[in-house]
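Please read the following explanation alongside the sequence and the three-dimensional view, moving between them as each part is introduced.

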Amino acid sequence: MTKLHEVHVYRGQYIESSHQVHIAVVSAEGKLIGYYGDPFRLTFGRSSLKPFQAAPLVESGAIETYGLTQKELALFCASHNSEDFHRQGVKDVLAKIDLEESALQCGTHIPRDKDSYKKLIKSGGELTPVYHNCSGKHAGMLAGSLKKALDIDHYRDPDHPYQLEIIEVISNASDYAKEKIATSVDGCGLPVHRLPLYNLALAFTRLAVPNLWANGSEQRKASFEKIREAMTKYPEMVAGTDRYDTDLMRVFNGRLVAKVGAEGVHCIGDKDTGIGIALKVEDGNERATNVASMEVLHQLGIGTENAFSQLSEYHHAPVRNARKEKIGEMIPSFTLKRI
């Protein structure tokens, strides 16, 4: 069977590369209403599941106990650039829970924000865990574990009570049995969860409109409401400058909650329609993710002409050379199958 390629990369007028995409679109009632490729492809949600990993923290009462802010809650859901305000946010959380930066077990890497990295090099400093794009998530897990009086030295172990609670949250939100959720290790050392795209999309319907979740507990609905509000009110904390998730949530002004995941994963929940969207670029190349995501929104009629104009470079993404000249673009080439 011939594989279809849904995002084409043009150099000039010629297709140089192509990417295959799998998409699931789910209604607030849990019906698969649109798809492309395999909507049930088993997929590691990667960082797109961070909002759900923050739920145990919210439900523990840690926000009230430690005086955590909405900005900090958004940071717990972040794959951030490690800009100054991201790093300071993590440090502020650690100060509130009386822990040192060494308590973070995420490791470190060169930050996406190159200005921060240049400043660090010039100062003669070294990369530390706050520079990791997942440091906010780790800080949140430490706060939640402390509130629950759990061991914090092994908070990232798969059998740690906090991690087991996260699996319960993901299972509950996605209607996917706990025993079916396979786990492995994410880039930051925490467990990562594998489930069908349909169920990832379903989870994002619950995040977007928890009040329409027929079987959700009132506590769970309230925690999802707080998480969505924090992410959409402070989208710069979730990603950062010149990042798709930040710009998408800002332009849609609270309507969409969105979260990227590594290896070409992206998920969106629409507060107005209750629709959840999950997509996976088959080859894991993240350059196709935003293009496919924008095209799904376009075909579903989610968003105004003005919104798409503001986000145009994510929809038909320019390909540039080292001189920053546009020498091609990435174009979506697929049509959702409607049910």
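In this predicted model, strand β8 is joined by six bridges to β9, the strand of residues 265–270, and the two run antiparallel. One position where they face each other is Lys259, which stands opposite Cys267 in β9. These two strands belong to an open sheet of six, whose order is β8-β9-β10-β3-β4-β13 and whose pairing is antiparallel. At the edges of this sheet are β8, covering residues 256–261, and β13, covering residues 337–338; each has a single partner strand, so one side of each is left without a neighbour in the sheet.

A helix packs on this sheet: α9, made of residues 197–208, touches β3 (21–26), β4 (32–36), β8, β9 and β10 (276–281), and its direction makes about 45 degrees with that of β3. The helix has 12 residues and spans 17 Å from its first C-alpha to its last, which is close to the 16 Å expected at 1.5 Å a residue. As for its surroundings, α9 is mostly covered, since 12 of its 12 residues are buried; among them are Leu197, Asn199, Phe204, Thr205 and Arg206.

One of these helix residues, Thr205, leads to the loop between β3 and β4, where Ser27 has its place. Leaving aside residues up to four places away in sequence, Ser27 touches Ile33, Thr205 and Gly274. Is Ser27 buried or exposed? With a relative accessible area of 8%, Ser27 falls under the 20% limit and is therefore counted as buried. The fold also brings together distant stretches of the sequence at this place, for Ser27 and Thr273 are 246 residues apart in sequence, yet their C-alpha atoms are 7.9 Å apart in space.

The aromatic rings offer another way through the model, which holds six aromatic pairs. In one of them, the rings of Phe52 and Phe224 have their centres 5.5 Å apart and their planes at 75 degrees, so the pair is edge-to-face. Because Phe52 lies in helix α1 (residues 50–53) and Phe224 in helix α10 (residues 218–233), this pair ties together parts that are 172 residues apart in sequence. Phe52 is buried, at 0% relative accessibility, and Phe224 is likewise buried, with a relative accessible area of 0%.

Phe224 also forms an aromatic pair with Trp213, and this one is stacked, with 5.5 Å from centre to centre and 20 degrees between the planes. Trp213 lies in the loop between α9 and α10, whereas Phe224 lies in helix α10, so the parts that this pair ties together are 11 residues apart in sequence. Both Trp213 and Phe224 are buried. Ring pairs link Phe52, Phe204, Trp213 and Phe224 into a cluster, and Phe204 brings the reader back to α9, where it is one of the buried residues.

The interior can finally be followed through the largest nonpolar core, which has 102 residues. Those with the most contacts inside this core are Ile23, Phe52, Leu73, Leu142, Ile227, Leu248 and Leu297. Which element gives the most to this core? It is α9, with nine residues, the helix that packs on the sheet. Leu142, for its part, touches Leu94, Ile97, Leu99, Ala103, Leu104, Ile152 and Tyr155, not counting residues up to four places away in sequence.

Conventions. Residues numbered from 1 in each chain as written. Predicted model: local features only at pLDDT ≥ 70, side-chain atom pairs only at ≥ 80, totals over all residues. Heavy atoms only, no water. Pairing = 2+ DSSP bridges. Helix = DSSP H or I, 4+ residues; strand = E, 2+ residues; numbered from the N terminus. Contact = heavy atoms within 4.5 Å. Axes fitted to C-alpha atoms, helices over the stretch in contact; angles between N-to-C directions. Expected span 1.5 Å × (residues − 1). Buried < 20%, exposed > 50% of the residue type's maximum accessible area, 1.4 Å probe, protein only. Phe/Tyr/Trp six-rings, centres within 6.5 Å; stacked < 30°, edge-to-face > 60°. Core = buried A, V, L, I, M, F, W, Y, C linked by side-chain atoms within 4.5 Å.
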